[in-house]
Amino acid sequence: VQRVASVFSKSMLVPTDYRDNLPNCIVALNMAIRLKADPLMVMQNLYLVHGRPGWSSQFLISCMNSCGRFSSMRFEYRGEEGKPDRGCRAWAKELSTGDRIDGTWVTWKMVEDEGWSKRKGSKWLTIPEQMFQYRAAAFFVRVYAPELTMGFHTKDELRDIRVDPVDTPGEESEPKTVEELIPADVIE
């Protein structure tokens with residue numbers, strides 16, 4: 001893993017968070033192995049926001065669409081644009097049963113109540129339909145295919161909720177070594 005990570009860390013094709021950063025490359029390789037995903041794709045879609053890792057929404061949609069358990073994700077809207085009841089939810093069909101599975105409605109009321117549109121430079125104000133889809137997709141994947149998120153929020157969610165990078169009481173501390181980040185069987 002370290003030899004492969006070393007090659008990635010020297011590539012100009014990887015994002016700057018991975019260039020000449022062997023530990024970040026090793027962690028990304030571990031995540032790619034767990035997800036059975038291409039390492040470069042993981043590196044290009046994993047971001048640090050306020051000190052926390054977050055996926056791009058497109059990556060989660062792609063993972064969900066290709067996991068083989070569901071049809072491709074679709075989106076449904078309700079309400080009038082710009083009104084509090086305007087909302088979007090993600091849905092898909094479960095391939096084993098043919099059942100339609102609906103995600104959580106994300107509405108303008110939710111956006112306002114959560115303060116997502118109040119952040120300086122908020123994309124909720126400039127591309128709301130796209131943000132509705134991204135948030136609805138994240139909610140859907142977190143409920144119906146949580147193994148794809150690996151417990152991470154999306155980068156958009158992290159920007160909106162401003163997760164405190166300092167550990168809160170009751171949470172485990174951040175791992176301190178590569179060995180703590182990667183299971184022993186992967187290191188071997």
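Let's start with a word we'll lean on a lot: buried means under 20% relative accessible area, exposed means over 50%, and partly exposed is what lies in between (1.4 Å probe, protein chains only). By that yardstick, Ser57, Phe59, Leu60, Ile61, Cys63 and Met64 are buried in helix α4. After α4 comes Gly68, with a positive phi near 90°.

Some housekeeping before we go on. This is a predicted model, where local features need pLDDT of at least 70 and side-chain atom pairs count only at pLDDT 80 or more, while totals for chains, interfaces and linings use all residues. Residues are numbered from 1 along each chain as its sequence is written, and side-chain values use heavy atoms, with hydrogens and water left out.

Now the overall picture. The protein has 9 helices and 7 strands; these are DSSP runs (H or I of at least four residues for helices, E of at least two for strands), numbered from the N terminus. Of its 188 residues, 38% are buried. If you take contacts (heavy atoms within 4.5 Å) with a separation of 6 or more, 50% of them are between residues 24 or more positions apart.

Next, the inside. A nonpolar core here is a set of buried Ala, Val, Leu, Ile, Met, Phe, Trp, Tyr and Cys residues joined through side-chain atoms within 4.5 Å. The largest one has 43 residues, and Val42, Trp55, Met64, Met73, Val106 and Trp124 have the most contacts inside it. Elements giving two or more residues to this core include α1 (2-9), α2 (22-35), α4 (57-66), β4 (87-93) and α6 (128-144). Helix α6 gives the largest share, 8 residues. That fits a broader pattern: in soluble globular proteins, nonpolar side chains tend to be buried together. For a closer look, pick Trp124: beyond its neighbours within four places in sequence, its contacts include Val106, Trp108, Met131, Phe132 and Arg135.

What about charges? The structure holds 13 salt bridges, each a side-chain nitrogen of Lys or Arg within 4 Å of a carboxyl oxygen of Asp or Glu. In one of them, Glu76 pairs with Arg100, the closest N and O atoms being 2.4 Å apart. Glu76 sits in strand β3 (residues 74-78) and Arg100 in strand β5 (residues 100-102), so this pair ties together parts that are 24 residues apart in sequence. Arg89 and Asp102 also meet in a salt bridge, 3.6 Å from N to O. That pair links β4 to β5 across 13 residues; Arg89 is buried at 16% relative accessible area, whereas Asp102 is partly exposed at 29%.

Over in helix α7, Asp156 forms a salt bridge with Arg159, with 3.9 Å between the closest N and O atoms. Both residues lie in that helix, 3 residues apart, about one turn. An α-helix has 3.6 residues a turn, so residues three or four places apart point the same way. Asp156 counts as buried at 12% relative accessibility, while Arg159 is partly exposed at 32%. Back among the strands, salt bridges that share partners join Glu76, Arg89, Arg100 and Asp102 into one network.

Which residue in α7 (residues 155-161) is worth a second look? Try Lys155. Lys155 is buried yet has no salt bridge, and the nearest side chain of opposite charge, Asp156, is 5.5 Å away. Setting aside residues up to four places away in sequence, Lys155 touches Tyr47, Val49, Gly54 and Trp55.

Definitions and conventions
Lys, Arg positive; Asp, Glu negative; His and termini not counted.
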